[in-house]
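Trainee: Got a minute to go through the side-chain contacts in this one? I'd like to begin with the rings.

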Amino acid sequence: SKYFQKDAYQNLYQTGNNQKFNNREGGYVQLSFVNECANVEERDEVFPEKTYKLILELDKQFDRNEICILVRKRDHGIAIANYLTDKQIEIVSSETLLIKNNAKVDFIIQMLNYLYENTNNDAKFSIIEYLYHHIEIQIDKHIFISKLVKLNKEELFKSLENYNIFYCSEKFDQSPFYESVEEIIRSFKLLNESDAYMQFFLDFVLEYTQRKSQNNAGFLEVWDQKKDKLSIVASDNKNAVQIMTIHKSKGLEFQVVIYPYDLDIYKQINPQAWYNKLDKEDYNNFESVLVSSSSQIEYTGDHGIEIFKNQTEELELDNFNLLYVALTRAKEQLFIISELKKAKDKLKLYSHFFIDFLKENGLWVEDKSVYEFGNKKRLSVKDKDMINVGVQKEFISTPWQDHQIHIVASSDLIWDAERGEAIAFGNLIHEMMANIISKKDIDKTIIRFTNKGLISVDDQGEIKNTINKIVNHKDLSSYFIEDKVVMNEREILTGDNQTLIPDRLVFDENTVTIMDYKTGKQEQKHVQQINNYALVLQNMDFEINEKLLVYIGKEIKIEKV
């Protein structure tokens, strides 16, 4: 508590700390120091090596899954994970559990990228390189890759038949998205046994198809947004050392905790703060501006000094709280590995506070690097009972066609094809148009909706005719060519927290055309709605080219607003 500048934070630790001593026996703490490192590279060699040696020593008393290594920064965790992996130490970490880091999952993503955009040569190269190792090609790797990388999509998959890989890319858009992904797994023989990464990935695919339209481009966009957070859940039974950040360890406890590395509690990367006390006339009537809040802000006057002081006090609280969490996760043994750096003017590194603690208690010896407290002998009893869980070894995946399942189209239940102006028919066309970016998307959209049972084979002709009337209409056809930047049913959050979803926005640099599909008779509220879209887009500094209301019926009517 004495290290806090702010009285309120001092009191928080001094009087607000209700932890009491207990009468339990045992417990051991080791505080060790490594010599000051010259740079990050040296640090990422010294700390992982020291951690590794501790694990080997702990093997005499503890199982690997009883040990947790806590790190402040993700980079530290990666450095230790890489070192331990090289030394054949099994680990469990958020990095190793990320689905995106699994080679088979990455192969599927590259396949989806390539199927979406045949000109994506990076994806093609990744596919070929993976297959070289996967199907154990005997010829030279360079020869194999250079031979296939020049082929177009059809030629590439045809060539793979020579290696017993049979995949029909044309079927991809003819099946539901989830089924198409499983077809990739089957065709490229990715799995013989059940795989946690693949199962979690397929769960994510299934969740996507239940919430979003079955669209490859849409899935890739969602994947790109979420891939850094998607990880499998690891079993506690796995006899591997855990690595996690201090943040993730809150509320958890482990038999043994190793806490390596040091931390500067005042260090920030590009800190910023709101500077409020301005002369409005000099700042276009702005009440505050976002400025750099490094130590130089103190030179701006009393307000700058106040900002820097508050920032420093908050850093102290955050980083001492973090240290508190790190030092209170161990149930039996705690190992702290810090860097031997002596304070020059003020205490700012965790190592400074550790050394200050030792000095205050008369324990500091200049050349001593290891300090021990308590009894190193293990007192807790190992839990020898492992939970026996039946594991499905085989990965089971068969096409639905093999089960003699026949899809009955629901289309006849919701609309009558003879009533071209029926609301349900218009709604169906509306939903299909959300999947059409350019004219080339018409056929595959119709096939996809047929396979999903939303339209019958008999109705395909009439539906295609209606969609063609829209995309080829003299007032609309220029907005359905391939080189346009299009956003279909994209949400816009307004300044007053409303969500607007225009049916189609077509961009040409800073100019936008708004299209909205309607069913039934023309109404004034439709005009008001599209004008509202236009107003919001204008507030976002877009220039409105056209506002088009598209009325879907036996004939396509266009109202230019």
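Mentor: Sure, ring rule up front. Rings of Phe, Tyr and Trp (its six-membered ring) pair if their centres lie within 6.5 Å; planes under 30 degrees apart count as stacked, over 60 as edge-to-face and the rest as tilted.

Trainee: Where do these coordinates come from, and what gets counted?

Mentor: This is a predicted model, where local features need pLDDT of at least 70 and side-chain atom pairs count only at pLDDT 80 or more, while totals for chains, interfaces and linings use all residues. Residues are numbered from 1 along each chain as its sequence is written, and side-chain values use heavy atoms, with hydrogens and water left out.

Trainee: OK, how many aromatic pairs in the whole structure?

Mentor: The search finds 32 aromatic pairs. One of them is Tyr3 with Phe320, which is stacked, at 6.2 Å centre to centre and 20° between the planes.

Trainee: Which parts does that pair tie together?

Mentor: Tyr3 lies in the segment before helix H1 (7-14), and Phe320 is in helix H11 (residues 302-327), so the pair ties together parts 317 residues apart in sequence. Helices (H or I, at least four residues) and strands (E, at least two) are DSSP runs, numbered from the N terminus.

Trainee: And Tyr3 with Phe353, what angle do the planes make?

Mentor: Their planes are at 70° and the ring centres are 4.7 Å apart, so this pair is edge-to-face. Phe353 sits in helix H12 (residues 350-360), so here the linked parts are 350 residues apart in sequence.

Trainee: Is Phe353 buried or exposed?

Mentor: Buried, at 8% relative accessibility. The cut-offs: buried is under 20% relative accessible area, exposed is over 50%, and partly exposed is in between (1.4 Å probe, protein chains only). Phe320 is buried too, at 10%. Tyr3 is partly exposed, at 26%.

Trainee: Which residues do the ring pairs link into a cluster there?

Mentor: Tyr3, Phe4, Tyr9, Tyr13, Phe320, Tyr324 and Phe353.

Trainee: Switching to charges. How many salt bridges?

Mentor: The count comes to 25. The rule is a side-chain nitrogen of Lys or Arg within 4 Å of a carboxyl oxygen of Asp or Glu. Side chains of opposite charge can pair when their charged atoms come close.

Trainee: Give me one. What does Asp59 bridge to?

Mentor: Arg64, with the closest N and O atoms 2.6 Å apart. Asp59 is partly exposed at 31%, whereas Arg64 is buried at 18%.

Trainee: What about Arg186 and Glu179, buried or exposed?

Mentor: Both are buried. Their side chains meet in a salt bridge, 2.7 Å from N to O.

Trainee: Any bridge between helices?

Mentor: Take Asp443 and Lys464, at 2.9 Å from N to O. Asp443 lies in helix H15 (residues 442-451) and Lys464 in helix H16 (residues 460-471), so the pair ties together parts 21 residues apart in sequence. Asp443 is partly exposed at 42%. Lys464 is partly exposed at 33%.

Trainee: Which residues do shared partners join into one network?

Mentor: Glu179, Glu182, Glu183 and Arg186.

Trainee: Last topic, charge over a ring. What lies over the face of Tyr266?

Mentor: Lys346, at 3.9 Å from the ring centre. That contact needs NZ of Lys or CZ of Arg within 6 Å of the ring centre and within 35 degrees of the ring normal. Arg504 lies over the face of Phe480, at 3.9 Å from the ring centre.
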